[in-house]
Structures are given as structure tokens and as C-alpha cells.
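This report describes selected features of one protein structure. The sequence and structure are shown first.

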Amino acid sequence: MVKSILHWLDENIEKCFILISYSLMGAIIFVQVILRFFFSYQSAWSTTIPIYLFLLLTWMGASYNAKQRTHLRFNEVRERLSYTAQYACLVFDALVWYAFSAVVIYFTVQQVQLSYDNFSIVQGTDDVMQWWFYSAVPIAFSLLVFRVTQNLWVDTKAFLAKKPLIITTSMFGD
């Protein structure tokens, strides 16, 4: 039971966050446009909450792209390299992701802490805390580190077994 739940989360956690945040963004914007044009009313928070939801969507999307290996990279050169050089590039990619993520996590945790300590609320609301949304960045980057580690594990196993490395991927599963 627990194993199947963990497997489901491994496959779908980013998709759930992306779907929920995108749906909420769309719903808020749609409802507020209707309210604005037909009833001359607009909620004060309706311009800020979608921006924070977009923050969640963006960084969970980055984690999902790292998992799927659909992030930006230069495959034309890599495909022409030797097997060992291809693996070295994959290891280098992982190290760059780790370094970048460490910097992002370090500074965004400070931002979350600052927002928490100052009781910062989302503009236009009375009790929605900014740190709830700001925490999306270090959480998403921690998940991204986990996805990069998963990929590195797969790559290392393939390299040691002399199996083909995953160099080229498609966003569309082709």
C-alpha cells in the first residue's frame, strides 16, 4: 500500500501541483474578468494570487522537465561524443543542477524566513501569508534535486552496465 502510494507520488506529484495551480489561475482570472466587465467589481487579491500560483507552476514544471529530461541542453554535440564523454556530460549536468539548486534553495529559504518573520500577507488579503507561496521555490528545487539524483542513478547504472545512455528525449514521448 505505502509502496504504491510512493510510486504514484513519484510519477504524479509535479503534475498535480501544475494542474491545480494552472486550474486555479485560470478560474480566478476567468471569474474576475466576468466580475469586472459585467458587475464592475474586482477582488483586491485577484491580481496577486495568480502570480503566486504561476510561481508554483513554473518551478514544479522545472522539476518535471528535469525528471523527463526535456530541459534545455545541447544534444547535437553530445550525440557525437564517445560513450564515456556522454556519461561525463550527464554527470556534469547533475553537478551544475546541484550547484544551481543549492544557491536557489539557500537564498529562497532566507526569503521565506524573512516573509514568515515579518508576517507578510498577500496584497489584497487579510490573512493569506506570502511565505506559503514563497516556500514553493525551495520545495520545488528540492524536488528537482531529487529528480536529478534519480536520473544520475539511472545514468550511472546504465554506464556501469555498458547500456545506452539517455541522451535524446522528446517532450511528446516519441
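The sections below cover a helix pair, the salt bridges and a surface patch.

## Model

The structure is a predicted model. Local features are described where pLDDT is at least 70, and side-chain atom pairs where pLDDT is 80 or more.

## Helices α1 and α6

Two packed helices are described by the angle between their axes and the distance between the axes. Helix α6 spans residues 136-160, and its axis comes within 12 Å of that of α1, with a crossing angle of roughly 135°. At that angle α1 is oblique to α6, because oblique applies to angles that are neither under 35 degrees, nor over 145, nor from 65 to 115. The crossing of α1 and α6 is left-handed.

A salt bridge also joins these two helices: aspartate 10 pairs with arginine 147, with 2.3 Å between the closest N and O atoms. Aspartate 10 belongs to helix α1 and arginine 147 to helix α6, so that distant parts of the chain, 137 residues apart, are linked. The two partners can be told apart by accessibility. Aspartate 10 is partly exposed because its relative accessible area is 22%, a value between the limits of 20% and 50%. Arginine 147 is buried, since its relative accessibility is 1%. Glu14 joins Asp10 and Arg147 in a network of salt bridges.

## Other salt bridges

The whole structure holds five salt bridges. One of them is formed by the side chains of aspartate 155 and arginine 69, at 2.8 Å from N to O. Aspartate 155 is part of helix α6, whereas arginine 69 sits in the loop between α2 (49-68) and α3 (75-78), so the bridge ties together parts 86 residues apart in sequence. Aspartate 155 and arginine 69 are both buried.

Another salt bridge pairs arginine 78 with aspartate 93, whose closest N and O atoms are 2.5 Å apart. Because arginine 78 lies in helix α3 and aspartate 93 in helix α4 (residues 83-117), this pair ties together parts that are 15 residues apart in sequence. Both arginine 78 and aspartate 93 are buried.

## Nonpolar surface patch

A nonpolar patch of about 970 Å² lies on the surface. Its residues are Ile29, Phe30, Val31, Val33, Ile34, Phe37, Phe38, Phe39 and Tyr41.

Phenylalanine 38, one of the patch residues, is located in helix α1, which covers residues 2-39. Phenylalanine 38 counts as exposed because its relative accessible area is 61%, and the limit for exposed is over 50%.

Conventions: Residues numbered from 1 in each chain as written. Heavy atoms only, no water. Patch = residues over 30% accessible without salt bridge, like charges linked within 9 Å, V, L, I, M, F, W, Y side chains within 5 Å. Areas by Shrake-Rupley, 256 points an atom, 1.4 Å probe, with all protein chains shown as cover. Salt bridge = Lys/Arg side-chain N within 4 Å of Asp/Glu carboxyl O. Helix = DSSP H or I, 4+ residues; strand = E, 2+ residues; numbered from the N terminus. Buried < 20%, exposed > 50% of the residue type's maximum accessible area, 1.4 Å probe, protein only. Axes fitted to C-alpha atoms, helices over the stretch in contact; angles between N-to-C directions. Left-handed = near helix turned anticlockwise from the far one by under 90°.
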